[in-house]
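Here is a short briefing on the empty space in one protein model and on what fills it. Look over the sequence and structure first.

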Amino acid sequence: MEDHWPAGFFDRADPADDARFYAPPRFVTHIDDAAIAAVGALYDELGVPGGRVLDLMSSWVSHLSRRPDGGLVVLGMNAAELAANPLADEARVQDLNRDPLLPFADASYDAVTCCVSIDYLTRPVEVLAEAARVLRPGGIVVLTFSNRCFPTKAVRGWLAADEDGRVAIAAAYLEDAGFEDVTTALRTPPSRGDPLYAVWARRG
Ligand SMILES: C[S@@+](CC[C@H](N)C(=O)[O-])C[C@H]1O[C@@H](n2cnc3c(N)ncnc32)[C@H](O)[C@@H]1O
């Protein structure tokens, strides 16, 4: 599904197993407090906490303002981080670059989120097509990101793009995965700290 992207787009400086890189737990935040607040405010605005939520590429924080009404499932690489997520009802460790198929039933979520992590996926369109499959009709997928990353683990195409280009890449991933009417937004002014870009769409 990633075949029409330029050759080398999904290569990474560190092609080694992600399990090695993510083995040590990192109980840190990857964006500043204003950007974190902007993620939670966006989720509230989009009604994310009102349903059952799957947070992909998650850790000990999911940036939701409250426990989702339908529960929260977190999926990521580090079991200790996921186990410490105070809002999660269920945690799954899965390397989405090895296996992009989500272990969940069709139409079983109201929202799929992915915060400051889409740049690490080498098969993003396959993962997002899976997000579409597990969303109920009308369910929403929300990607958020800033301008920082672990550069050895981000894909080359993302690193080569400027910030507007990354918004376009994230939107194109969603369109390639079958989502229509993709919305993009900048939720914090760059002059006031970490910028927070958001790209979202609803399953038809
Ligand atoms: C920068 S952290 C962001 C964590 C969290 N989403 C947040 O907002 O703080 C990147 C996350 O992506 C996850 N991740 C990286 N590569 C992954 C992969 N191949 N499969 C699944 N998750 C992955 C890691 O477990 C890590 O928690």
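The ligand takes up the space of the largest pocket. The model is a predicted one. The pocket has a volume of about 580 Å³. The protein covers nearly the whole ligand, as the contact section sets out in numbers.

**The largest pocket**
- The lining of the largest pocket is made up of 33 residues.
- Nearest the pocket centre are Tyr 22, His 30, Met 57, Ser 117 and Tyr 120.
- Two strands take part: β1 (53-56) and β2 (72-76) each give the lining at least two residues.
- By class, 15 lining residues are nonpolar, 11 are polar and seven are charged.

**The shell around the ligand**
- The ligand has 19 residues around it.
- Asp 18, Met 57, His 63, Asp 95 and Leu 96 come nearest to the ligand.
- Met 57 is thus named twice, among the residues nearest the pocket centre and among those nearest the ligand.
- The shell divides into eight nonpolar, eight polar and three charged residues.

**Backbone contacts to ligand nitrogen**
- Met 57 brings a backbone N or O atom to 2.8 Å from a nitrogen atom of the ligand.
- For Cys 115, a polar backbone atom and a nitrogen atom of the ligand are 3.0 Å apart.
- Gln 94 has a backbone N or O atom 3.4 Å from a nitrogen atom of the ligand.
- On its own, the ligand has 580 Å² of accessible area, and the protein covers 98% of that.

**The enclosed cavity**
- How many cavities of 30 Å³ or more are there? The count is one.
- This largest cavity has a volume of about 40 Å³.
- Its lining includes Val 116, Asp 119 and a run of residues made up of Phe 145, Ser 146, Asn 147, Arg 148 and Cys 149.
- Trp 158 and Arg 166 also line the largest cavity.
- By class, the cavity lining has four nonpolar, two polar and three charged residues.

How values were computed. Residues numbered from 1 in each chain as written. Predicted model: local features only at pLDDT ≥ 70, side-chain atom pairs only at ≥ 80, totals over all residues. Heavy atoms only, no water. 1 Å grid on protein atoms, 1.4 Å probe; cavity = no way out; pocket = protein on both sides within 12 Å on 5 of 7 lines; lining within 4 Å. Points joined across faces, edges and corners; volume = space filled by probe spheres on them. Helix = DSSP H or I, 4+ residues; strand = E, 2+ residues; numbered from the N terminus. Nonpolar A, V, L, I, M, F, W, Y, C, P; charged D, E, K, R; others polar. Near = heavy atom within 4 Å. Polar contact = N/O pair within 3.5 Å; in protein donor to acceptor, adjacent residues only side chain to side chain. Areas by Shrake-Rupley, 256 points an atom, 1.4 Å probe, with all protein chains shown as cover. Sits in = over half its atoms within 2 Å of the grid points.
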